[in-house]
Amino acid sequence: MSDEQQAAINRRSFIKLATTVPVIGALAAIASPLLRFLKPNVKKFEIYAPTAQDVARGEKIPVATISEVAKPWDFKYFVFTQKYPQYTPEGFIAAAVPGVVIRLPVKLKLYDPATGLGPLSWARSIRKQPKVAESDIIVFSRICPHLGCIFNYVANYKEVTAGYGGFVPPPTRQHALMACPCHLSIYDPADQDRPGRVLSGPAPRPPRTFLFEIQGEDIFVTDVEPGGIAQKKGSGHRA
Ligand code: FES
């Protein structure tokens, strides 16, 4: 093969290469977003998951003294300020969460440190450990988990029957109850297995609870169970 023939072949190869590379590049540029769309490399919602800094928080506040809830079924209402992270210049938005401290006639197991189970086990979702594992004091959010009305603590169950749709509790539950005026959900704050158990009405779950501490004569709340209204357990936790 002469030098001229060899040079012609080299020119053809070069031209072929020079036209093929951009075509392959253009096809890759088109296919890449398509493949990313078909097989995203992050799981759904994970990119929106709250970071450790995003956990909703409030200020630890005293909500009752021991002597204010000294006897079984004594109670005290309070309002807790919950702060939710917002990507605004203010950083946080505050929400008022009304709550109720109740002295029960019996002690309930609220948290088992060995298994991590119990009514206050939700604390792990905010990376905390309940300070009180067993107590006859319990603290509920008064935001009804049905549609968000504020429910009442009703010391006399007969007032529940008279004023909240005629519900008559069974003999073992004829004591103080919690009742929502909006759609008549009735809760038992002293249920041994599930404090706040729904006895009647449309509520999908018991009211949310607070983490609390007892220091000397004072009862403090530190955190409220995360979650919005009408969510069943395990269905997410953002308010
Ligand atoms: S909002 Fe309480 S029962 Fe509906």
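**How the strands, core and long helix are called**

Modeller: Let's start with an open sheet of four strands, in the order 1-3-4-5 with antiparallel pairing. Its edge strands are strand 1 (57–58) and strand 5, each of which pairs on one side only. This is a predicted model: local features need pLDDT of at least 70, side-chain atom pairs count only at pLDDT 80 or more, and totals for chains, interfaces and linings use all residues. Residues are numbered from 1 along each chain as its sequence is written.

Colleague: Thanks! How do you know that strand 1 and strand 3 pair?

Modeller: Two strands pair if DSSP finds at least two bridges between them. Strand 1 is joined to strand 3 (residues 75–85) by two bridges, so the pair meets that cut-off. Arginine 57 has lysine 83 as its bridge partner in strand 3, and glycine 58 has glutamine 82 there.

Colleague: And what makes strand 3 and strand 4 a pair?

Modeller: Eleven bridges link them in the antiparallel sense. One of the bridges links threonine 81 to alanine 96 in strand 4.

Colleague: Why is residues 3–38 called a helix?

Modeller: Helices are DSSP runs of H or I with at least four residues, while strands are runs of E with at least two, both numbered from the N terminus. Helix 1 has 36 residues, so it passes the helix cut-off. From first C-alpha to last, helix 1 reaches 51 Å, close to the 52 Å expected at 1.5 Å a residue; the expected span is 1.5 Å times one less than the number of residues.

Colleague: What makes alanine 31 a kink?

Modeller: The bend at a residue is the angle between axes fitted to the seven residues ending there and the seven starting there. At alanine 31 the kink is about 25 degrees, shortly before proline 33.

Colleague: Why is helix 1 called hardly covered?

Modeller: A residue is buried if 20 or more other C-beta atoms lie within 10 Å of its own, exposed if 12 or fewer, and partly exposed in between, with C-beta atoms placed from the backbone. In helix 1 the count of buried residues is zero, so none of its residues meets the buried cut-off.

Colleague: Then what makes the largest nonpolar core a core?

Modeller: Such a core is a set of buried Ala, Val, Leu, Ile, Met, Phe, Trp, Tyr and Cys residues joined through C-beta atoms within 7 Å. This one has 38 residues, and Val101, Val139, Leu177, Ala179 and Val221 touch the most other members. Strand 4 gives the most, with five residues.
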